[in-house]
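Hello, and thanks for sharing this one. Below are my notes, set out point by point, to read alongside the structure.

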Amino acid sequence: MVQCEMCGAETDSPTTVKIEGAEIDVCDDCAEFGTEVRQPASESTSTKYSTDSSEDGASASSGGSGSSGGGSTSRGPDMFDDMEEVVQDYDERIRSAREATDMSQEDLAKELNEKASLIRKLEHGSMLPSDSVQSKLERRLDITLTEGGVDDTEWEGGSASGEYTLGDVVQRKDS
């Protein structure tokens, strides 16, 4: 007996369905909440939580005759690759730029139509700026608080098998 991953009920024959982008094994009662995913019979080494992004959109309606994603281990680009990240020293940049214009935290908050407590939290580094506050700060203080997205192509290392280990990417503090 297997437990339904949605309601926890015991079931003899779980059905794999896709609900909100996640493939889970559910009982017959919970199967109506998702779209049934048909697994090819030859795919014996697949994992339940696969990160393979190649899907055949027509396979759900055509009876599952679509092909699997192939054997490639490289992933395609995702939406996070192009996103800019807030720089680590954003708090220092905000504080020094504000002080360079001889403004108090309260004055800056009034100009940005934000609360002074928000400016204090940002300068203390205890809070990241929202996108709208970030753009207001960048315009008013003439600073940049973002850096480009992570370029995954810079990772050329790895073992002979082409897979990465934790040792390939970690930087030890004691060395």
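1. Let me begin with one pair of side chains. Aspartate 89 and arginine 93 form a salt bridge, with 3.1 Å between the closest N and O atoms. The term stands for a side-chain nitrogen of Lys or Arg within 4 Å of a carboxyl oxygen of Asp or Glu. Aspartate 89 has 28% relative accessibility and so counts as partly exposed, and arginine 93, at 31%, counts as partly exposed too. Here buried means under 20% relative accessible area, exposed means over 50%, and partly exposed is what lies in between, with a 1.4 Å probe and protein chains only.

2. A word on the basis of these notes. This is a predicted model, in which local features need pLDDT of at least 70 and side-chain atom pairs count only at pLDDT 80 or more, while totals for chains, interfaces and linings use all residues. Residues are numbered from 1 along each chain as its sequence is written, and side-chain values use heavy atoms, with hydrogens and water left out.

3. Now the overall layout. The chain holds five helices and seven strands, and from the N terminus the order of elements is β-β-β-β-β-β-α-α-α-α-β-α. These are DSSP runs numbered from the N terminus: helices are H or I with at least four residues, strands are E with at least two. Of the chain's 175 residues, 22% count as buried. About 12900 Å² is exposed by the chain, and carbon and sulfur atoms supply 47% of that; the areas come from the Shrake-Rupley method with a 1.4 Å probe, and for residues only the protein chains shown count as cover. Taking contacts between residues at least 6 apart in sequence, 40% join residues at least 24 apart, where contact means heavy atoms within 4.5 Å.

4. How do H1 and H3 pack? Helix H1 (residues 90–100) and helix H3 (residues 116–124) have axes 7 Å apart, at an angle of about 120°. The two helices are therefore oblique to each other. In these terms, angles under 35 degrees are roughly parallel, over 145 roughly antiparallel, 65 to 115 roughly perpendicular and the rest oblique. Axes are lines fitted to C-alpha atoms, for helices over the stretch in contact, and angles run from 0 to 180 degrees between N-to-C directions.

5. On the H1 side of that contact are Tyr90, Asp91, Ile94, Arg95 and Arg98, which meet Leu122, Glu123 and His124 of H3. These contact residues divide into three nonpolar, one polar and four charged. The classes are Ala, Val, Leu, Ile, Met, Phe, Trp, Tyr, Cys and Pro as nonpolar, Asp, Glu, Lys and Arg as charged, and the others, Gly among them, as polar.

6. Back to the salt bridges, which come to six by the rule above. One of them joins glutamate 114 to lysine 136 at 2.7 Å, N to O. This pair links distant parts of the chain, 22 residues apart: glutamate 114 is in the loop between helix H2 (105–112) and H3, and lysine 136 is in helix H4 (residues 131–141). Glutamate 114 is partly exposed, at 25% relative accessible area, and lysine 136 is partly exposed at 23%. Elsewhere, Arg98, Glu99 and Glu123 are joined into one network by salt bridges that share partners.

7. Within that network, arginine 98 and glutamate 99 meet at 3.9 Å, N to O. Arginine 98 is buried, with 9% relative accessible area, whereas glutamate 99 counts as partly exposed at 45%.

8. Leucine 141 deserves a look. This residue is in helix H4 and is buried, with a relative accessible area of 7%. Beyond its neighbours within four places in sequence, leucine 141 is in contact with Ile94, Ala97, Arg98, Thr101 and Leu108. Its C-alpha is separated by 9.8 Å from that of arginine 95, 46 residues away along the chain.

9. Finally, two backbone details to check by eye. Asparagine 113, in the loop between H2 and H3, has a positive phi, near 60°, in a residue other than glycine; at 67% relative accessibility it counts as exposed. Aspartate 142 is not a glycine either, yet has a positive phi of about 55°. Aspartate 142 sits in the loop between H4 and strand S7 (146–147) and counts as exposed at 71% relative accessibility.
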